[in-house]
Amino acid sequence: MSASFVPGAYRRSLLASALLASLGSIGLNTPSAAQQSASPNLLPPIRIAPPPDRATAPAHRATSRSRRVARPAARPTPVADTHVPGTMGSSVVSPTGVVTPAGQLASSITVVTEQDIQTQQHRSVPDILRTAPGLNVLQAGGPGAQTSIFMRGTNANHTKVILDGIDIGDPANSNGAFDYAHLLTADIQQMEILRGPQSGLYGSDAIGGVISIITKKGEGPPRVTGSLESGSFKTFNQTLGVSGAERNVNYAVNVAHLHAGDVPVTPPELLPPGRQAIGNNYDNMTYSTKLGVDLNEYLTVNSVVRYTDSTLLFTGDGGFPSAPNASQSTHAVQQLFNRQEAVWSLFDGRVQSFFGLNFTNSRAYDIGPGDAAGAITTGERLKFDWRTVAEITRDNHLIVGAEHQTDRMDTADFAARNGNKAGFVQLQSAFADRFFLVANVRQDSNDLFGGRMTYRIAPAVIVPVTETKLKASYGTGFKAPSLSQLFRDYPTFNFFANPNLQREDSRGYDAGFEQPLFNDRVRFGSTYFRNDITNLIDYNATFTSLVNVNAATTEGTETFVAAQITERFGIRADYTFIRAVNAATGMQLLRRPKEKWSATATWLPLDALTLSATLVRVNDWLDVTRDGMASGITAPGYTLVNLRGDYALNDQIKVFGRIDNLLDFRYQNPTGFLAPGLAVFGGIRVASYGVR
């Protein structure tokens with residue numbers, strides 16, 4: 001089951017007031033807690049070539065404090081990085097809320113860095129997720145079309161999405177599933193795809209896992225970046241960014257525009273005789289700011305504001321039997337994500353307390369052919385959070401926190417709200433650089449369905465001599481019913497909400513190994529996982545309401561090999577096998593392919609030239625027809641080959657090009673919606689220095 005479109009509109013005055021609040025009134029907020037900071041220190045040290053007459057000066061030493069850095073002198077053409085997406089050498093924050101080397105964690109996690117995004121030329125978050133192990137991506141058309149993610153075979157509403165510590169799920173979505181279609185990548189510093197039950201730290205929705213997005217933080221001298229791109233489907237994309245750090249202030253401001261003017265989506269065989277298909281038209285403007293101020297050696301304040309204004313013109317369905325309409329429908333979405341945070345540090349940073357205020361507002365407006373007026377739906381989330389991280393001894397941390405969240409949904413004739421309070425505690429320990437343990441427990445108290453305790457324990461051991469990492473985890477999770485499922489009636493269709501719905505529950509575990517070879521130039525591994533989910537929400541016997549009735553089991557393996565063959569050539573390959581079935585009948589769940597392969601290779605034939613190729617193969621799966629009248633049909637699998645290349649003319653200018661779906665493979669994903677065929681794009685990236 002995928003996320004449903006939610007109608008809504010947005011007043012632009014709210015954007016202006018939020019931006020002014022972020023830029024002009026940074027300060028302490030009401031005490032509260034988040035599992036993740038707005039600005040975790042994941043950036044590598046800034047490396048700046050000194051001017052010729054200062055070549056012997058000491059190198060700049062990166063610290064957690066912002067400071068003035070001299071403008072760099074001109075540098076030679078940079079050598080690109082052959083690193084491919086993975087975990088080797090990465091630091092991550094989402095598994096524990098503390099910045100930790102991925103090699104010390106038992107968690108199954110895929111890390112995608114800013115360099116990976118630039119090399120692979122990803123323009124939206126769904127582009128990144130297509131190659132990730134353990135995930136199936138469904139996008140009902142091209143850019144901007146409704147996008148759902150199925151992680152490790154769980155439902156589309158069983159994955160929590162975090163952006164800079166903000167839970168950006170929309171409380172107004174009908175089943176609580178997140179629509180990934182409108183998240184652009186221009187300001188992303190790192191993306192972490194964390195698989196397995198995570199409710200012990202993150203609460204509701206994290207049955208399948210968590211997707212954490214961390215945006216760019218300003219460092220070093222002032223830096224201006226920009227890009228232009230054009231190509232197939234009347235595509236025209238632009239970005240502009242300004243970032244840097246000055247004394248005790250860091251800043252990053254980004255603007256991104258994505259436009260696709262004519263993307264074929266409707267299969268010709270579904271059209272009535274003589275009717276021409278109309279391609280989707282999508283336009284997305286995203287504005288983001290990330291600011292930080294060190295008020296003194298003890299107190300730092302951070303501010304994150306992100307606003308998206310997007311419009312999709314698409315072909316909907318009408319009539320009986322259902323058929324694509326002769327004219328297009330409009331789906332407009334405006335999203336505001338906002339976090340204000342204060343960080344209080346004591347005892348040379350060994351104790352840090354984070355106080356946060358999060359506010360999200362998602363409004364959508366929908367109107368179709370023949371509609372007298374558009375439908376408007378608004379979802380709001382207000383969350384106060386607090387978290388304290390105490391370093392008991394070196395590499396041993398105790399984390400405690402609490403939060404209070406209020407969700408609200410509004411339409412023209414309906415309004416509902418719900419609240420949730422929670423507290424959690426976590427121990428993260430490392431012993432002798434060989435044994436690592438993360439254990440957490442969380443208690444949620446929901447205003448509607450009461451309390452729920454969840455937990456997770458995840459040990460990892462690195463075996464001496466062979467350096468093999470053995471890892472395992474066991475955790476529980478839950479998914480709270482959405483406001484729409486609880487309270488929204490549709491009497492016209494004889495369908496009614498069920499205010500007595502209870503949470504969906506899960507228990508899950510995984511176990512695996514990772515083996516490095518040749519001084520970690522080669523690493524391979526495999527992980528077995530299993531989730532048992534009960535109390536799943538489904539239709540009742542008469543299809544007039546919803547009840548807690550179903551149970552599901554998902555299990556499988558995730559296997560990978562990553563190799564840095566030479567200094568100029570690297571490759572990573574992943575294979576995922578998933579068995580996702582109805583626990584009562586043994587029938588395969590819809591939209592969960594059993595097998596997925598992916599491989600990415602990166603090559604530097606010249607210092608300034610980077611070439612990359614990606615192969616994705618997805619096996620067939622069970623689906624429903626576009627009109628929903630037939631279920632359990634077999635959707636054929638597909639194979640994609642994508643090529644990428646960029647060339648640095650100098651330290652300020654880089655030209656690039658990409659080919660998507662090189663083999664022009666024609667497929668539908670989901671059934672009834674064409675995926676884009678062969679497409680060619682090209683453009684230019686510029687920067688005042690250090691173009692990436």
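**Close-up views of a predicted model**

**View 1. P321 lies in the loop that runs between β15 (317-318) and β16 (323-324).** This view, like those that follow, is taken from a predicted model. The peptide bond that joins F320 to P321 is cis, with an omega of about 0 degrees. As background for this and later views, most residues other than glycine have a negative phi, and most peptide bonds are trans.

**View 2. A cis peptide bond joins N669 and P670.** The omega of this bond is about 5 degrees, and P670 is placed in the loop between β34 (653-660) and β35 (679-687).

**View 3. An open sheet is formed by five strands, with mixed pairing.** Read across the sheet, the strands follow the order β3-β8-β9-β6-β7. At the edges stand β3 (108-113) and β7 (166-167), each of which pairs on one side only. Within this sheet, β8 (residues 188-195) and β9 (residues 209-215) run antiparallel and are joined by seven bridges; M191 can be used to locate this pairing, as its bridge partner in β9 is I213.

**View 4. R152, a residue other than glycine, has a positive phi near 50 degrees.** The residue sits in the loop that connects β5 (147-151) with β6 (159-163). Its relative accessible area is 1%, and R152 is therefore buried, given that a residue counts as buried under 20%.

**View 5. D205 takes a positive phi of about 85 degrees, although it is not a glycine.** Its place is in the loop between α4 (199-202) and β9, the strand that pairs with β8 in View 3. With a relative accessible area of 15%, D205 is buried.

**View 6. Strands β17 (residues 329-346) and β18 (residues 351-367) run antiparallel and are joined by 17 bridges.** One of the bridge pairs that may be picked out here links E341 to its partner in β18, G356. The hairpin of β17 and β18 has four residues between the strands, and in this hairpin F347 takes a positive phi near 55 degrees.

**View 7. On to the next pairing: β18 and β19 (residues 375-393) are antiparallel over 16 bridges.** To follow this pairing in the structure, the reader may look for A364, whose bridge partner in β19 is T377. Strand β18 thus appears both in this pairing and in the pairing with β17.

**View 8. The side chains of Q340 and S303 are joined by a polar contact of 3.0 Å.** Q340 belongs to strand β17, the strand shown with β18 in View 6. The relative accessibility of Q340 is 10%, which is why Q340 counts as buried when the limit is set at under 20%.

**View 9. Confidence along the chain, with an average pLDDT of 89.** Of the residues, 88% score at least 70. Over residues 1-33, however, the pLDDT is below 50, and this stretch has 111 contacts in the model beyond near neighbours in sequence. Residues 44-81 also have a pLDDT below 50, and there the contacts beyond near neighbours in sequence number 61. Where pLDDT is low, the predicted coordinates should not be read in detail.

Terms used
Residues numbered from 1 in each chain as written. Predicted model: local features only at pLDDT ≥ 70, side-chain atom pairs only at ≥ 80, totals over all residues. Heavy atoms only, no water. pLDDT = per-residue confidence, 0-100. Contact = heavy atoms within 4.5 Å. Pairing = 2+ DSSP bridges. Helix = DSSP H or I, 4+ residues; strand = E, 2+ residues; numbered from the N terminus. Buried < 20%, exposed > 50% of the residue type's maximum accessible area, 1.4 Å probe, protein only. Polar contact = N/O pair within 3.5 Å; in protein donor to acceptor, adjacent residues only side chain to side chain.
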